[in-house]
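Visitor: Could you take me through one part of this model, the cluster of aromatic rings and the sheet next in line? I would like a close look, with the cut-offs spelled out.

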Amino acid sequence: MPSGRVALVACGAIAQPAADAVARRAWPVDVHPLPPLLHNRPERIADAVEALVLQLRGRYDRVVVGYADCGTYGALDAVCERLHVDRLPGLHCYDLFAGSDVVTQLSEDEPGTYLLTDFLVKSFARTVIQELGLDRHPELRDDYFRHYTRVVWLVQTTDPVERAELRTLAQAAADRIGLPLQVRRTGESGLERALASLLPDPS
């Protein structure tokens with residue numbers, strides 16, 4: 001590997017917007033995504049991150065972790081501390097896009113808030129419906145979503161055509177689990193700022 005390059009071990013759910021930010025900023029970074037479905041099994045995230053960091057660290061000047069805590073309850077922090085690598089801030093990817101204050105306020109205003117990102121809107125049929133078995137057993141909807149009262153889609157895309165397409169998918173996702181949809185635009189600047197705190201800026 002050329003000297004000075006950095007490996008970003010990224011959650012598959014934010015790998016594409018992270019790669020977009022890398023391209024915009026001309027960072028000397030290669031994005032290495034892990035499977036996004038790890039979010040459905042957060043107890044496996046720390047081990048998967050550790051394995052990939054160990055695989056990559058001999059090939060790069062530096063390795064950083066493109067995950068928030070993501071439901072590991074400190075297990076990922078323990079790995080990062082042991083391996084001497086830095087990770088993105090926050091409890092989950094929603095913090096990276098909307099900011100932790102906004103996410104906290106959404107939850108305080110309505111505790112039964114179910115959040116979607118652009119990635120989750122696009123992959124809802126796979127990551128939620130199929131993975132939770134709702135395609136085979138729709139009666140499980142109440143078991144999973146009984147205590148939710150709304151869906152809030154945190155919109156990252158600024159492209160009007162893509163936004164319209166995703167709006168249709170987001171509404172379909174909300175309808176599928178029987179909740180009203182609200183839309184809040186966040187963009188990707190929050191994620192980009194968080195990445196900037198980890199990555200070198202060649203300028």
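**The aromatic cluster and its strand**

Guide: Happily, let's start with Y148, which is partly exposed at 30% relative accessibility (buried means under 20% relative accessible area, exposed over 50% and partly exposed in between, with a 1.4 Å probe and protein chains only). Please keep in mind that this is a predicted model, where local features need pLDDT of at least 70 and side-chain atom pairs pLDDT 80 or more, while totals for chains, interfaces and linings use all residues. Residues are numbered from 1 along each chain as its sequence is written, and side-chain values use heavy atoms, without hydrogens and water.

Now to the rings: there are four aromatic pairs (Phe, Tyr and six-membered Trp rings with centres within 6.5 Å; planes under 30 degrees apart are stacked, over 60 edge-to-face, the rest tilted). One of them joins Y114 and F145, whose ring centres are 5.3 Å apart and whose planes meet at 75 degrees, so this pair is edge-to-face. Because Y114 belongs to strand β4 and F145 to helix α7 (residues 141-145), the pair ties together parts 31 residues apart in sequence (helices, H or I of at least four residues, and strands, E of at least two, are DSSP runs numbered from the N terminus). Both partners are covered: Y114 is buried with a relative accessible area of 15%, and F145 is buried with 2%.

Y114 also forms an aromatic pair with Y148, with 5.2 Å from centre to centre and 85 degrees between the planes, again edge-to-face. Here Y148 comes from the loop between α7 and β5, so its pairing with Y114 in β4 ties together parts that are 34 residues apart in sequence. Add Y144, and you have the full cluster: Y114, Y144, F145 and Y148.

From Y114 we can step along β4 into its sheet. Three strands make up this open, parallel sheet, in the order β4-β5-β6 (strands pair if DSSP finds at least two bridges between them). β4 (113-116) and β6 (181-185) are the edge strands; each has a single partner strand, so one side of each is left without a neighbour in the sheet. Neighbouring strands are turned against each other by 25 degrees on average, direction ignored (axes are lines fitted to C-alpha atoms, for helices over the stretch in contact, with angles from 0 to 180 degrees between N-to-C directions).

Four bridges connect β4 with the parallel strand β5, residues 150-155. In this pairing L116 stands opposite W153 of β5. Helix α5 (residues 100-109) lies across β4, β5 and β6, at about 165 degrees to β5 (contact means heavy atoms within 4.5 Å).

For context, there is another sheet to look at. It is open and parallel too, with three strands in the order β2-β1-β3. The edges are β2 (29-34) and β3 (62-66), each with a single partner strand, so one side of each has no neighbour in the sheet. The twist from one strand to the next averages 25 degrees. Six bridges hold β1 (residues 6-11) parallel to β2, and L8 has V31 of β2 as its bridge partner.

Stepping back, the chain has nine helices and six strands. Its C-alpha atoms fill a box of roughly 55 × 35 × 30 Å along the principal axes, and 46% of the 203 residues are buried.
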